[in-house]
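Thank you all for coming. I would like to take you through one structure this morning, beginning with the place where its chains meet and then moving inward.

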Protein chains: 2
Amino acid sequence: MFAVTILGNNSALPMHDRHPTAQVVTYKDQCFLIDCGEGTQLQMNTFKIRKSRISHIFISHLHGDHYFGLFGLINSMGLNGRKEPLYIFGPAALKPLLHHIFEASETILPFPIHIHPILAEGLIWEGPAITISAFTVFHRIECWGFLFKEREKPRKINVEKVRAYDIPNAYLQQLKNGADYERKDGTLIPNEELTFPGTEPRSYAYCADTRFEPEKLCPILKDCSLLYHESTYLKSEHEKAIAHNHSTAEEAAIIAAQANAKRLIIGHFSSRYIDLNPFLEEAKAFFPKTDLAIEGTTYIVG
Amino acid sequence: MFAVTILGNNSALPMHDRHPTAQVVTYKDQCFLIDCGEGTQLQMNTFKIRKSRISHIFISHLHGDHYFGLFGLINSMGLNGRKEPLYIFGPAALKPLLHHIFEASETILPFPIHIHPILAEGLIWEGPAITISAFTVFHRIECWGFLFKEREKPRKINVEKVRAYDIPNAYLQQLKNGADYERKDGTLIPNEELTFPGTEPRSYAYCADTRFEPEKLCPILKDCSLLYHESTYLKSEHEKAIAHNHSTAEEAAIIAAQANAKRLIIGHFSSRYIDLNPFLEEAKAFFPKTDLAIEGTTYIVG
């Protein structure tokens, strides 16, 4: 399971029963939270996502609609008696802010919190099967995008060839890892002859909030399995998108197409729009495999 | 119109579709917000209370379930283009915290905010028809209760007597204000003979979060028209109420009875309780005119 569940799909002013940004990325048995707008813990209640499953939280930037739910979520984790550590990644200013909040309430949490400031682009976390990198996006204040990427998968054994060359089982793992095979007579059989390529690693990229930046973003997002790109406005409000450092649905779709993403989700809709279908139509004209980010919906990666 | 609308009736851990504390006190055309737990602005959307109507906000204490919604509410007021000043009253530590939050987002609000630290018990605000006082309640950290009280109402003219004594209209306002009337022959007619008492001033008292403190609280709450008193626990969890500086439903009712309140609302229910009826039964045994604080419900004062 590699999937993204949308908890909030609206921009800063919550309206029309849409909530500020938050998403849960599930990879096998791990849950990562990206952004945590006000009411995220309430949305987790609504959509039956247990807070205890969240091990890592990634905050893109310090506009309130992306993190004002973090304080309450942490509080509730404490009230639930959490013992497991919580890892938070975000702009450097987040750590003193959280300390300030919890000092004011004289709160002593029953679990350890590790707050890692993101200081540069690149790898910020790695697990056995996936890595998470941060990259800058262009917004009014410091803002980070996140790329969740599976590690290279092992190559698959070509059983017929392995039998034909009578290769012992003990060598199979090395072949999966890409090694060639040396026969007793000293001749070398190249790995490509003995194996097939492994399953393509899947990846999920999160781009919010950002102005349209194809030159910067497309190389980072190249070939990603699933791309979330903000689309606060329709192209009819293109001037507003520029003024507020946001993107239009058309621009999100152009990014997805140029980056050769497999699928696109668009979200962070301005409260000025009640009907979201025009976003879908506008994006699909440039990138047909587009979905609206709908709260409570889970999107499979790859 | 003097009324209280409940936006959140739960204690710190939001569950069972109950939300952290927030209430709107309406007095004629003015709206005052007491406490502002996470999601208050969403509850205001749900219950059709316009954010623009809130002129004053009173924060009892800096436990998150009483103010984590304040940052988002202020942000949204800004996004809505508010121009009118906003007045906030709360513990002294609130002001630097709000500044810290808005510095991190580099937010410049389009309306003035005046944050008044509450430093001592007594009057904190007065309007032409009501006054608002703060009083300390007993909790783990600094915590304030609030008393909204109408000013004394003018006395009512006893028309018959005024005619009998042939008192000119020009004197009526003085009579309403309590003055005696001096006749041309120098004799004095006492005000009580010429007027009836004015309508009794109504008052609303807010007590949360607090341990059971009858000696301290009852003189302050004496004869209040409507009392909100927290009741986080049932008496079966009396030990927990003591340990966490909260009250039981029975204790809230005892306070109401001893203070001679006209009506009581109880709220701030612990998430451990799904069914709230036992709270009502427990309180009514000591104070029959008790209501549960139900989200979205408006309770008339007096």
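Please keep in mind throughout that this is a predicted model. Let me begin with the interface, where 27 residues of chain A are in contact with 27 residues of chain B. On the side of chain A that touches chain B, three helices, namely α1 (40-46), α2 (70-79) and α3 (94-104), each supply at least two residues, and of the elements there α2(A) gives the most, with five residues. If we sort the residues on that side of chain A by character, we find 14 nonpolar, 11 polar and two charged.

How are the two copies arranged with respect to each other? Chain A can be laid on chain B by a turn of 180 degrees and a shift of 0.1 Å along the axis, with an RMSD of 0.1 Å, and the two copies are thus related as by a two-fold rotation axis. The residue of chain A that comes closest to this rotation axis is G39(A), whose C-alpha lies at 2.7 Å. It also turns out that 100% of the interface residues of chain A are interface residues in chain B as well, so the copies meet through the same surface.

Let me now step back to chain A as a whole. Its C-alpha atoms fill a box of roughly 75 × 50 × 35 Å, taken along the principal axes, and its secondary structure comes to 10 helices and 18 strands. The chain is divided into domain 1, which takes in 2-153 + 199-300, and domain 2, which covers 156-196; the C-alpha centres of these two domains of chain A lie 43 Å apart. Of the 302 residues in chain A, 44% are buried, and among the contacts between residues at least 6 apart in sequence, 63% join residues at least 24 apart.

I would next like to look at strand β5 (residues 86-90) of chain A, four of whose five residues are buried, so that this strand is largely enclosed by the rest of the structure. Which strands does β5(A) pair with? With strand β4 (residues 54-58) of chain A it pairs in the parallel sense over three bridges, and here I57(A) stands opposite I88(A) in β5(A). The chain passes from β4(A) to β5(A) through α2(A), in a β-α-β crossover that is right-handed, and α2(A) is the helix that we have already met as giving the most to the side of chain A that touches chain B. Strand β6 (residues 113-117) of chain A also runs parallel to β5(A), joined to it by five bridges, with F89(A) opposite H116(A) in β6(A). From β5(A) the chain crosses through α3(A) to β6(A), and this β-α-β crossover is likewise right-handed.

Finally, let me turn to helix α9 (residues 249-258) of chain A, which is mostly covered, with seven of its 10 residues buried. Which residues of α9(A) are buried? They are A249(A), E250(A), E251(A), A252(A), A253(A), I255(A) and A256(A). The buried residues of α9(A) pack against two helices of chain A, α7 (214-221) and α10 (277-284), and against the strands β15 (226-230), β16 (263-267) and β17 (290-292). Following α9(A) we come to N260(A), whose phi is positive, near 60 degrees.

Conventions:
Residues numbered from 1 in each chain as written. Chains lettered and ligands numbered in written order. Predicted model: local features only at pLDDT ≥ 70, side-chain atom pairs only at ≥ 80, totals over all residues. Contact = placed C-beta atoms within 7 Å. Nonpolar A, V, L, I, M, F, W, Y, C, P; charged D, E, K, R; others polar. Domains from an automatic or database assignment. Least-squares fit on C-alpha atoms with pLDDT ≥ 70 in both. Buried ≥ 20, exposed ≤ 12 C-beta atoms within 10 Å, placed from the backbone. Pairing = 2+ DSSP bridges. Right-handed = clockwise from strand over helix to strand, strands pointing away.
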